[in-house]
Structure formats: C-alpha cells, structure tokens
Amino acid sequence: MDWQLIVPHEQNWEGADLENAREVRLRAGQPVMVSGPGGIWRGSHILSPAELPQAAQALTQYSLAAHQAEWAQGFLPLPGGHRLGVCGVNGPQGMLEISSLCVRIAHEIKGAGDAVFPLIQRKNTLIIGPPGAGKTTLLRDLIRQYSLNSVPVGVADERNEIAACQDGAAQLDVGPMTDVISGMEKARAVMLLIRAMAPQVIAMDEIGGKKDAAALSEALRCGVTVLAAAHGRNPEDVRKRQGMEALFAHGAVEAWVQLQGVGTPPRVHFCQEEKA
C-alpha cells in the first residue's frame, strides 16, 4: 500500500514498520497509528475529518461506490486480503460521516501451521481466538498444507481475506488443490463447493450464527472434514452463539485450536464427547 498517497499530509513515516504492521488506524483529530511487533508508532500529522473519506477512497482504489453492500456493514475487503473497517455516523446507504478507519493487514506466514497440522489432520477443527490473534493466518496455512498433501480443499472465502482472489487467481498461497468461492454468503458457498467441486475438506473464516452452523452441519453430514475459525476466548464463548451449540454436540467438533494473541503459540485441544 502507498501510505504516502493514502495519507499525503503525513510527511515523515520514519520508524513506522509498515512491512510487519498488523493494523493501521486513522482517527479524526488523532495521528496515524501503526501497530506492529515493536508496539504502536504514532505519526506527527493530526488527521482532519475531511481526510478520512479521502483515505477510504484511496484504499479502495477510488471504487468506493462499487462496494455499498460491504460499506453498509462497516467493512470493505481490500486487494491482497486486507480489510478496511469503518466507524462513524451510519445511514441507509452506509456511513454518512467517517470518524475512524482501521486497516487490518493480512500476513502470509508459510509454516504457521507446522506444529498444528499433524495433530488435526482429518479432524473437524475450530480455530478460536480474539480479533487480531492470527486465526486467518493459521487457517490459510493449514489449508495450504492440506492442499500440498493432495487433499482437495474448498474454501468459502466470503470476505476474500483467506485467498485474496483477483482476476480468478489467489494472491495468497492456499495450495495447488484448493478451490475458492469469494464474495458469497458462506452457507450458500459451502453447498455449492460440495456439489460442484467434491472437496474432502471445507474451510471458512469467522463462522457464527445459525446459517453458518447449518452449512457446517450439512458439510459434516456429507462426510466432509470441516476446518473453520471463530471469534472467542474459548469454546464456551463459541457455544453461546446462536446455532453453534449443535456443532459441539456428539463430537461434531473433534478438535479446537486456541490462540491467545499474536506471538503466542497455538494450543491444540481434543474434544472428549463421543459421537452418537
């Protein structure tokens, strides 16, 4: 990303580790803030309210009008698997006024799943962790490792953050035997993948709610292994979300991977429930 173009009035980016940044935040009345391994870097320029919509336009390559559906939900997918979050005054067509922007930076870390993959192969697995803990990074690498082991994988990439497909090709490495549907509601994408592409593994990010649970349950009934990520500190948090309890019943979920935060190793736990 050309941050000098996105925030043209910030003249001095020295010290901002943009290559390893996890997120970049823009808030009206505050300087640019870059979060990374070394902590938070703060710019010297104070952002005005007028600069935030200009930055949003630059981030979306001046195609903001083409993303009204996502805009109304408070986020926009960006090229490369990054995500733009937005806060402000909401209206029927999306944000009327923007008060802050958050760019979540996607990182491809090959080998992130090396310690996990041998433990969860062919097990229905949930990756659980708080926002920013690295769930998508781990999920992507586990997909890649399945694919490299000659296992066909179907990815329901609703927000185009796992594979970051552009012009029909994945911009992030999900392996040679992976088929991706982007921009489609997960429940629809799962069934299309099963019917059309015959995957052995179905993968998706940020599951939650009745529709996602129903789609995953249907995949399990079709004999497909499920690999998914969900927000939560632990399985109990995930169970409390509507429709998700059924996924844990009778051993439907066989393993879960807990992430505490960036830089902490994942912990693999195995569910004890016996299948009916």
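**Notes on the seven-stranded sheet and its surroundings**

1. Let's start with one pairing: strand E7 (residues 125-129) runs parallel to strand E13 (residues 225-231), and five bridges link the two. Leucine 126 has alanine 228 as its bridge partner in E13, and glycine 129 sits opposite histidine 231 of that strand. Keep in mind that this is a predicted model.

2. On its E14 side, E7 again pairs in the parallel sense, here over four bridges. Threonine 125 is matched there with alanine 255 of E14. As for burial, five of the five residues of E7 are buried, so the strand is largely enclosed by the rest of the structure. Which residues cover which side? Thr125, Ile127 and Gly129 are on one face, Leu126 and Ile128 are on the other, and all of them are buried.

3. Zooming out, E7 belongs to an open sheet of seven strands with mixed pairing, and the order is E11-E8-E12-E13-E7-E14-E15. At the edges are strand E11 (178-182) and strand E15 (267-270), each of which pairs on one side only. On average, and ignoring direction, neighbouring strands are turned by 20° against each other. Helix H5 (residues 135-148) packs on this sheet, with contacts to E7, strand E8 (153-157), E11, strand E12 (201-204), E13 and strand E14 (255-258). The direction of H5 makes about 170° with that of E13.

4. Now for E8. It pairs with E11 in the parallel sense over five bridges, and glycine 154 has aspartate 179 of E11 as its bridge partner. E8 and E12 also run parallel, joined by four bridges, with valine 155 standing opposite alanine 203 in E12. Is E8 buried or exposed? Five of its five residues are buried, so E8 is largely enclosed by the rest of the structure. Both faces are covered: Val153, Val155 and Asp157 are buried on one side, Gly154 and Ala156 on the other. Note that the list includes an aspartate, Asp157.

5. Back to alanine 255, which lies in strand E14. Its relative accessible area is 0%, so it counts as buried, the cut-off being under 20%. Where does phenylalanine 270 come in? Phenylalanine 270 is 15 residues away from alanine 255 in sequence, yet the C-alpha atoms of the two are 4.3 Å apart. Leaving out residues up to four places away in sequence, alanine 255 touches Ile120, Lys123, Asn124, Thr125, Leu126, His269, Phe270 and Cys271.

6. Next, a helix pair. Helix H6 (residues 186-197) and helix H7 (residues 210-221) pack at an angle of about 15°, and their axes are 8 Å apart. The two helices are therefore roughly parallel to each other, and H6 passes H7 in a left-handed crossing. What makes the contact? H6 contributes Lys186, Ala187, Val190, Met191 and Ile194, while H7 contributes Lys211, Asp212, Ala215, Glu218 and Ala219. By type, the residues of this contact divide into six nonpolar, four charged and no polar.

7. Two backbone angles deserve a look. Most residues other than glycine have a negative phi. Aspartate 167, which is not a glycine, has a positive phi of about 55°. Aspartate 167 sits in the loop between strand E9 (165-166) and strand E10 (169-170), and its relative accessibility of 79% makes it exposed. Alanine 198 is the other case here: its phi is positive at about 50°, although it is not a glycine either. Alanine 198 is found in the loop between H6 and E12, and with 55% relative accessibility it counts as exposed.

8. Last, a residue elsewhere in the chain. Valine 34 lies in strand E2 (residues 31-36) and is buried, with a relative accessible area of 3%. How far is valine 34 from valine 224? The C-alpha atoms of these two residues are separated by 40 Å, and the residues are 190 apart along the chain. Not counting residues up to four places away in sequence, valine 34 has contacts that include Trp13, Leu18, Val24, Ile40 and Trp41. Ala16, Asp17, Ala21, Glu23 and Gly39 are also among the residues it touches.

Methods
Residues numbered from 1 in each chain as written. Predicted model: local features only at pLDDT ≥ 70, side-chain atom pairs only at ≥ 80, totals over all residues. Heavy atoms only, no water. Axes fitted to C-alpha atoms, helices over the stretch in contact; angles between N-to-C directions. Parallel < 35°, antiparallel > 145°, perpendicular 65-115°, else oblique. Left-handed = near helix turned anticlockwise from the far one by under 90°. Contact = heavy atoms within 4.5 Å. Nonpolar A, V, L, I, M, F, W, Y, C, P; charged D, E, K, R; others polar. Pairing = 2+ DSSP bridges. Buried < 20%, exposed > 50% of the residue type's maximum accessible area, 1.4 Å probe, protein only.
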